[in-house]
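Student: Before we accept any label for a structure, I would like to hear the rule behind the label and the value that is set against it. Could we go through it in that way?

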There are 2 protein chains.
Amino acid sequence: MDEAAPKVNINYYTCSRYMKIGIVGGTGGMGEGLALRWCMNHDVVVGSREAQRALNAAAAYSKVVAEAYGTKMKGTITGNENTAMAKDCDLLVLSIPYEHINDTCGKLVSAVKENCIIISPIVPMKKGNDGFEYVPMQGNTSSAAEMVAAKMPPRSRIVSALHTISEVKLKHVKEGIDCDILVCGDDANIVRVVNGLIAEVKGLRPIYLGPLSMSYQAEVITPMLLNAAKQNKIKHPGLKIV
Amino acid sequence: MDEAAPKVNINYYTCSRYMKIGIVGGTGGMGEGLALRWCMNHDVVVGSREAQRALNAAAAYSKVVAEAYGTKMKGTITGNENTAMAKDCDLLVLSIPYEHINDTCGKLVSAVKENCIIISPIVPMKKGNDGFEYVPMQGNTSSAAEMVAAKMPPRSRIVSALHTISEVKLKHVKEGIDCDILVCGDDANIVRVVNGLIAEVKGLRPIYLGPLSMSYQAEVITPMLLNAAKQNKIKHPGLKIV
């Protein structure tokens, strides 16, 4: 652990500062939702393994936000290949399957800036006979955030967050959201920046759980919500602590 | 698995029927809260390792409900030693620490009726340097519900539920609750009975997750909520799926 883990209440947001935000694997629904929301205040770069796919997605998202926000929008949405776009970013969101962690993070680690913040929303999950399972409960892997931290040191810049937000809710920029986002990380100042970014999306409340080692308690919520949704016919489920 | 695990939506409650409900370890806050709520329609027996403690607790709870409910109350609250009271019960709630599972369940298994339903609200949890940890994530134990099932077959009668309800909220019988209760179990009919019992407490919504093997996804929520509560100064936290 590079810095002492925060032990005190850090449900306090650093006021948003302008950032260049890259979304690795940003052509999926999660990347789309985050780009549509964060471009209001930041320059968002959609990343993909294929630059052309990223450019196409960015063009499509840009059209949506131009219509939705007009001149109120302060940022932009552009696209590029994952590693190329990562070089200039102040913050990266790894919107990738857990099976790609070692490969993708291995490519990114030498490209990113030293003080680049890394958000892992990754959930090691698989569908079993009884429903969606959280893979680390089987004991052979650690949490996704721990896997990312091992490949992209220093550990202090990794924040685990955004596992439980419905991408459909994120994408509908005109509709309200009312969900909590569980957040884990070792560095209080970096967690505050991420909390601030989450709180920029109206209706999202960041809930800090503790250091990165606690990430399994946030990641496991995703298969739980998918099982609850399926068994109880709940659409686009999210979490609230009440 | 004694019966095929339910694969369909069973968020449907069996209408409440009268039951004799025993709460093993019922002199704690959780036992108190459940006794105060369920005595409205059922005979509740508070259990303890010492009969006299159980009798004292039952007398105290009875005074509270007599004042709160008056003649609207259809059931009773009595007390007895854990194993003695378990003999006549239609349903038992194991309100015990996970370290006591093998000992307590070993004593109960020969005492209980063949068709007695067993609810496990037990959470294997410990406080570590980073916060509250879910012990089965360390890989040496299974979920509490699996431990109970191993000691008290048949597996089909075990239902995992009631891990996340604040005992303070339960005890304040005049105040409203608005929380979800995650439920896992292998037998659809037995899960329906438990769902019905949960739904009798106004403001509690049972959310079925899947078979008993999914219990870890319900149990892990308790340390998560305790960490969230501590870090964000939330009192008596509960869960809602939104």
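Student: How do you know how many salt bridges cross the interface of chain A and chain B?

Tutor: A salt bridge is defined as a side-chain nitrogen of Lys or Arg within 4 Å of a carboxyl oxygen of Asp or Glu, and across the interface of chain A and chain B that rule finds zero. This is a predicted model, in which local features need pLDDT of at least 70 and side-chain atom pairs count only at pLDDT 80 or more, while totals for chains, interfaces and linings use all residues. Side-chain values use heavy atoms, with hydrogens and water left out, residues are numbered from 1 along each chain as its sequence is written, and chains are lettered from A in the order in which they are written.

Student: What makes A:E32 and A:K171 a salt bridge?

Tutor: Their closest N and O atoms are 3.8 Å apart, and the limit is 4 Å, so the pair qualifies. The pair links distant parts of the chain, since A:E32 belongs to helix α1 (residues 29-38) and A:K171 to helix α6 (residues 167-171) of chain A, 139 residues apart; helices here are DSSP runs of H or I with at least four residues, and strands are runs of E with at least two, numbered from the N terminus. Over all chains, a search of the whole structure finds 16 salt bridges.

Student: What, then, is counted between chain A and chain B as polar contact?

Tutor: The count is 19 residue pairs, both residues at pLDDT 80 or more. A polar contact is a pair of N or O atoms within 3.5 Å; within protein, one must be able to donate a hydrogen and the other to accept it, and residues adjacent in sequence count only if both atoms are side-chain atoms. Among the elements that give two or more residues to the side of chain A that touches chain B are β9 (179-185), β10 (204-210) and α9 (221-232), and α9(A) gives the largest share, eight residues.

Student: How large is the area buried between chain A and chain B, and which residues supply most of it?

Tutor: Buried area is the accessible area (1.4 Å probe) that two parts lose on being put together, summed over both, and between chain A and chain B it is about 3,700 Å², of which carbon and sulfur atoms give 56%. A:M137, A:Q231 and A:V242 supply 19% of the area that chain A buries against chain B, more than any other three residues.

Student: Why are the two copies said to be related as by a two-fold rotation axis?

Tutor: The copies are superposed by least squares on the C-alpha atoms of residues with pLDDT of at least 70 in both, and chain A can be laid on chain B with an RMSD of 0.0 Å by a turn of 180° and a shift of 0.0 Å along the axis. The two copies are thus related as by a two-fold rotation axis. With contact meaning heavy atoms within 4.5 Å, 46 residues of chain A touch 46 residues of chain B, and 100% of the interface residues of chain A are also interface residues in chain B, so the copies meet through the same surface.

Student: What makes β11(A) and β11 of chain B a strand pair?

Tutor: Two strands pair if DSSP finds at least two bridges between them, and three bridges join β11(A) to strand β11 (residues 239-241) of chain B, running antiparallel. In β11(B), the bridge partner of A:K240 is B:K240.
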